[in-house]
Structures are given as C-alpha cells and as structure tokens.
Amino acid sequence: FARSSQTYAAVRELTQIGKPAVPALCAELDRSSNDGPLRTIPFTLRIIDDPRAVPALLRALPKTRFHASDCGANLPDRELWQFIHDHHLSSPPAQEEYPEIDIPRPDSEIIDALKTLTHHSVSNAAHYLTAGDAPADIADATAARQKDIDAWKAWWTEHAHELLSPADLAATADPAAITFRYRLVTDAPVK
C-alpha cells in the first residue's frame, strides 16, 4: 500500500465518474488476483452502488486469500482521507484518526459490497479466516466460503431481474464484452 494516495485518489475519481465506470471496474476485478485491487475495486463499486457489479463480485470472492488481514495506510491529503473515512465499511473504526485509514480484508470488502448492492445478506466474511495452515483449517474455510458463494449465486439467480434490466443482466454475464478504460492505481486511460 505504498501508493495509497494514488490508489484512493483514483477510487475517488472513479466514484465521481459513477455508473459509467462500472463495466471497466468489473473487467479489472475479473483480471485481478492481487489483494490491493480485490480490496479497492469492491470498495469503489460499493460507493457507486450499481448492481451490475454483483456478478463480478461473486467471481472475485473465491480469489481472496484466507490469511489476508486488515491493514492500514496514511493519506496525507485530508480531503481524500475524509472521503475514505466517510465511505468505510458499515462503520469506520473508532481508533481511525487522520491521516491513518483502515483497509479491510478483500473478502470483507466484497461481502460488504454485495450486501450494499443487493440490500440482502447471506454471508459473513469473518468465518473465512483460518486458525492456521493446517489442511483441515483451510478446508473448513474453503467450505464456508463456497457455501456462501453458492448461496449468493442462488439468490442472485432468483432476484437479479429485480435489480437489473434484461440488457444490463446480459452484459454482466460476459466479461469479455467489457472494454477496460481505467486502471484503478493510475487512473490513466488505456488505449
């Protein structure tokens, strides 16, 4: 998170672009397996609040690591810090003070984005953590996460038509049809 200021400045810009940025963000989320984008893209999508992102978030959840942890960063830009603080998961941590921000685990960001975009809940990312590296611990966490993914997918299959038009729903099913325009870290257009 050495480039937190650049990353979160791009997040703020993408949220200002709003719904037109969603397809590009979903495409980048589909391509990414790194913790940074798996934290910041769901955060961005949650702020934009467009349910077209739900399928990409469901595809991203299995890519999260079991040994990831919350982390922190400093944002010297006070306005940027306030923006991030104001949009933190359900409620910002009490100990968070300028210029520090708390950056939740990817699975927490994804689950919170799913809950926000669907106004529904079937999961709790807290039980995806493992007690250790033992194969049984990893198997238990994998099974818990897969159970939640299956529940989310079943809910989405049943309710997606309530949140999206048929055209929007069709577009979310084909990540290859989405044109990538912005990189979350650099906010530079891709030609």
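Let me start with the salt bridges, of which this predicted model holds 7. I will go through three of them, and then turn to the first helix and to the nonpolar cores.

The pair I would look at first is Asp112 and Arg46, whose side chains meet at 3.3 Å, N to O. Asp112 belongs to helix α6, which runs over residues 106–118, while Arg46 belongs to helix α3, and so this salt bridge ties together parts that lie 66 residues apart in sequence. With the limit for a buried residue set at under 20% relative accessible area, Asp112 counts as buried at 12%, and Arg46 counts as buried at 9%. The pair does not stand alone, since salt bridges with shared partners join Arg46, Glu109 and Asp112 into one network.

The next pair, Glu28 and Arg31, has its side chains meeting in a salt bridge at 3.4 Å, N to O. These two residues are 3 apart within helix α2, which means that about one helical turn separates them. Glu28 is buried here, its relative accessible area being 15%. The last pair that I want to mention is Arg52 with Asp50, where the salt bridge is 2.7 Å, N to O, and where both residues are buried.

Now to helix α1, which covers residues 4–17. How far apart are its end C-alpha atoms, and what span should its 14 residues have at 1.5 Å a residue? The expected span is 20 Å, and the end C-alpha atoms are 20 Å apart, so the two agree. The buried residues of this helix are Ser4, Thr7, Tyr8, Ala10, Val11, Leu14 and Thr15. If you look down the axis of α1, those buried residues fall within an arc of 150°, and therefore they line one face of the helix. As for what that set of residues packs against, the partners are the helices α2 (22–31), α3 (35–48) and α5 (78–86), together with the strands β1 (71–74) and β2 (100–103). Just after the helix comes Gly18, which takes a positive phi of about 80°.

That brings me to the interior. In soluble globular proteins, nonpolar side chains tend to be buried together. In this model the largest nonpolar core has 32 residues, and those with the most contacts inside it are Leu25, Leu29, Leu45, Ala53, Leu57, Leu114 and Trp156. At least two residues of this core come from each of α2, α3, α4 (54–60), α6 and α7 (135–163), and it is α7 that gives the most, with 7 residues. There is also a second, separate core of 11 residues, which includes Val11, Leu75, Leu80 and Ile101.

To make the packing concrete, consider Leu29, which, leaving aside residues up to four places away in sequence, touches a set of residues including Pro37, Leu38, Ile41, Leu45 and Leu57. Leu38, in turn, lies in helix α3 and is buried, because its relative accessibility is 0%. Under the same exclusion of residues up to four places away, the contacts of Leu38 include Leu29, Ala60, Lys63, Pro106, Glu109 and Ile110. Glu109, among those contacts of Leu38, is the residue you have already met in the network with Arg46 and Asp112. Finally, Leu38 and Leu57 are 19 residues apart in sequence, and their C-alpha atoms are 9.2 Å apart in space.

Terms used
Residues are numbered from 1 along each chain as its sequence is written. This is a predicted model: local features need pLDDT of at least 70, side-chain atom pairs count only at pLDDT 80 or more; totals for chains, interfaces and linings use all residues. Side-chain values use heavy atoms; hydrogens and water are left out. Helices (H or I, at least four residues) and strands (E, at least two) are DSSP runs, numbered from the N terminus. The expected span of a helix is 1.5 Å times one less than its number of residues. Buried means under 20% relative accessible area, exposed over 50%, partly exposed in between (1.4 Å probe, protein chains only). The arc is that of the directions from the helix axis to the C-beta atoms. Contact means heavy atoms within 4.5 Å. A salt bridge is a side-chain nitrogen of Lys or Arg within 4 Å of a carboxyl oxygen of Asp or Glu. A nonpolar core is a set of buried Ala, Val, Leu, Ile, Met, Phe, Trp, Tyr and Cys residues joined through side-chain atoms within 4.5 Å.
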